[in-house]
Amino acid sequence: MKLLILLALFGLGLAQHNPNTKHGRTSIVHLFGWRWADIAAECERFLAPNGFGGVQISPPNEHIVLDSPWRPWWQRYQPVSYKLCSRSGSESELRDMITRCNNVGVNIYVDIVINHMCGAGRGEGTHSSCGTWFSSDRENFPSVPYSRSDFNDHKCNTADGNIENYEDAKQVRDCRLVGLLDLSLEKDYVRSKVADFLNELIDMGVAGFRVDACKHMWPRDLSDVYGRMHNLNTKWFPSGSRPFIFQEVIDFENPSIWPEEYVHLGRVTEFKYGAKLGTVLRKWNGEKLSYTKNWGEGWGFMSEGNALVFVDNHDNQRGHGPGGASIVTFWDPKLHKMAVSYMLAHPYGVTRVMSSFRWDRHFVNEKDENDWMGPPSNSDGSTKSVPINTDQTCGDGWVCEHRWRQIKNMVIFRNVVNGQPHSNWWDNQSNQVAFGRGNRGFIVFNNDDWNLDVTLNTGMPGGTYCDVISGEKKGSSCTGKKIQVGGDGRAHFKISNRDEDPFVAIHADSKL
């Protein structure tokens, strides 16, 4: 009987590795800080027509609100209750978004904060996104309800209750992360409240969860919570489908806790991916793009079936967490487009594209003093809508990297080559590389300080293809470069190191 229970739990864990994307869709985009109404519109007008598989949304539950105009992005990560009214909108707007995105085949993945409530120093009152009263001083959150006995104060062995030593796994999981009130997830009552919150979202139609701060929770506690989750809503997903779980586990600076402790429960965010790729593309520490022939597990990353990968995320693009200055972001658009395109062309992992907003950068002692800034806001502190320009980019401070032609077209590339092997590798032993995906796609990068001029075996059928980086296929012509592939699968590539985008990509659906 015990073996049957273990096998059942193992099966649930494997099912929770599946992103449940609709057929022909493979990538997720993180629309960081967007309003629900804007996400609903984006699913219909852009994401679905361009083959995006899903959207990671910001935490939807009630959170603290700091006085305008100082409303930082991180207030969303300080919960007050599990009521579904946040900076992004009301519960009815959330429901409408989930329904509209599902109806066009775009999944919703919710960023959930279940390790903690708000910070210990947030006082008491109704300064929250739903106007609910709470007291951080008394650890009293009546809308859940949680009281002092539902927190881990009694388990933490540090003087001030905060994590002091990240090499002590017990401290990391039982003490407060930067003063945030640490929930006692070992308690059945707390587990039930968290599971109720997740199940409300699942029943609305979400496809899964990005679980914040997982290394600060014991795997056994998460296993219990995940085991209480409902199957996905059969209105949009096959019967018996499990929620997709991808867990934030930052292991760079924390030798006491490893991603491998969590992979049996779902996928894990592979933070080494963006940090290493950024180092390679910046050519730091003697790294070369030619060294990525065995990219993935050969670089010490977790097994492919357990990884969710990304070039940057909302934390490390601001210098928080691992990777530091190696992380490539929209502030360096040439390298960012190359990095995201490499990720989308390569078969390793489930891919997530970042979609950002700008902030006013101000550096003091190499630290960005304005990295706290929240999304573009109106004078009353409410989040601005996302305006779409005539050239399909975004305005009003929204960056929308997912709408950049090169990234959007590489999302389509990944869909076209899905399931095909990494093949036909070529490199110049420096920073010019090329590889294919079976006979369905081929990509060539020039990250050297000189021109690329070479004939390569693409593995593709003969014909004329549109490069989807400099342009795309429109009817019976190309808006950018044309690549002629011979009957033997070989093609000639010339890429200047001075090109705006020094790389070329073709795929089966870009053939004229």
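Contact here means heavy atoms within 4.5 Å. Keep that in mind for the first exercise, and remember that you're looking at a predicted model.

**Exercise 1. Get a feel for the whole chain**

Task: Work out how much of the contact count comes from residues 24 or more positions apart, and what the radius of gyration says about the chain.

Solution:
- Start with the parts list: the protein chain has nine helices and 24 strands.
- Next, take the radius of gyration, which is 23 Å; the globule rule gives 24 Å for 512 residues, so the chain is as compact as a globular protein of that length.
- For the extent, look at the C-alpha trace, which spans about 70 × 60 × 50 Å along its principal axes.
- Now the contacts. Among those with a separation of 6 or more, 68% are between residues 24 or more positions apart.
- Finally, check the inside and the outside: 60% of the 512 residues count as buried, while the chain exposes about 19,000 Å², with carbon and sulfur atoms supplying 49% of that area.

**Exercise 2. Two salt bridges, two settings**

Task: Find the partners of Arg 95 and Arg 210, then decide whether each residue is buried or partly exposed.

Solution:
- A bit of background: side chains of opposite charge can pair when their charged atoms come close. The cut-off for a salt bridge is 4 Å between the nitrogen and the oxygen, and this structure holds 33 of them.
- Arg 95 pairs with Glu 91, and their closest N and O atoms are 3.1 Å apart. Both sit in helix 3 (residues 91–103), four residues apart, or about one turn of the helix.
- To place them, use the cut-offs: under 20% relative accessible area is buried, over 50% is exposed, and in between is partly exposed. Arg 95 comes in at 38% and Glu 91 at 29%, so both are partly exposed.
- Arg 210 pairs with Asp 111, with 2.9 Å between the closest N and O atoms. This pair links distant parts of the chain: Arg 210 is in strand 8 (residues 208–211) and Asp 111 in strand 3 (residues 107–112), 99 residues apart.
- Apply the cut-offs again: Arg 210 has a relative accessible area of 2% and Asp 111 has 0%, so both are buried.

**Exercise 3. Follow a network**

Task: Say which residues are linked with Asp 224 in a network of salt bridges.

Solution:
- Begin with one pair: Asp 224 bridges to Arg 228, the closest N and O atoms being 2.7 Å apart.
- Then widen the view. Asp 188, Arg 191 and Asp 221 belong to the network along with Asp 224 and Arg 228.
- Check the starting pair for exposure: Asp 224 is partly exposed at 26%, and Arg 228 is partly exposed at 27%.

**Exercise 4. Backbone oddities in loops**

Task: Locate the cis peptide bond and the loops that hold Asp 396 and Gln 429.

Solution:
- The cis bond joins Val 144 and Pro 145, with omega about -5 degrees. Pro 145 lies in the loop between strand 6 (134–135) and helix 4 (169–174).
- Asp 396 has a positive phi, near 60 degrees, though it isn't a glycine. Look for Asp 396 between strand 14 (367–368) and helix 9 (405–417); at 44% relative accessible area, it's partly exposed.
- Gln 429, another residue other than glycine, has phi near 65 degrees. Its loop runs between strand 15 (422–427) and strand 16 (432–437), and its 64% relative accessibility makes Gln 429 exposed.

Definitions and conventions: Residues numbered from 1 in each chain as written. Predicted model: local features only at pLDDT ≥ 70, side-chain atom pairs only at ≥ 80, totals over all residues. Heavy atoms only, no water. Salt bridge = Lys/Arg side-chain N within 4 Å of Asp/Glu carboxyl O. Helix = DSSP H or I, 4+ residues; strand = E, 2+ residues; numbered from the N terminus. Buried < 20%, exposed > 50% of the residue type's maximum accessible area, 1.4 Å probe, protein only. Rg over C-alpha atoms; globule rule 2.2 N^0.38 Å. Areas by Shrake-Rupley, 256 points an atom, 1.4 Å probe, with all protein chains shown as cover.
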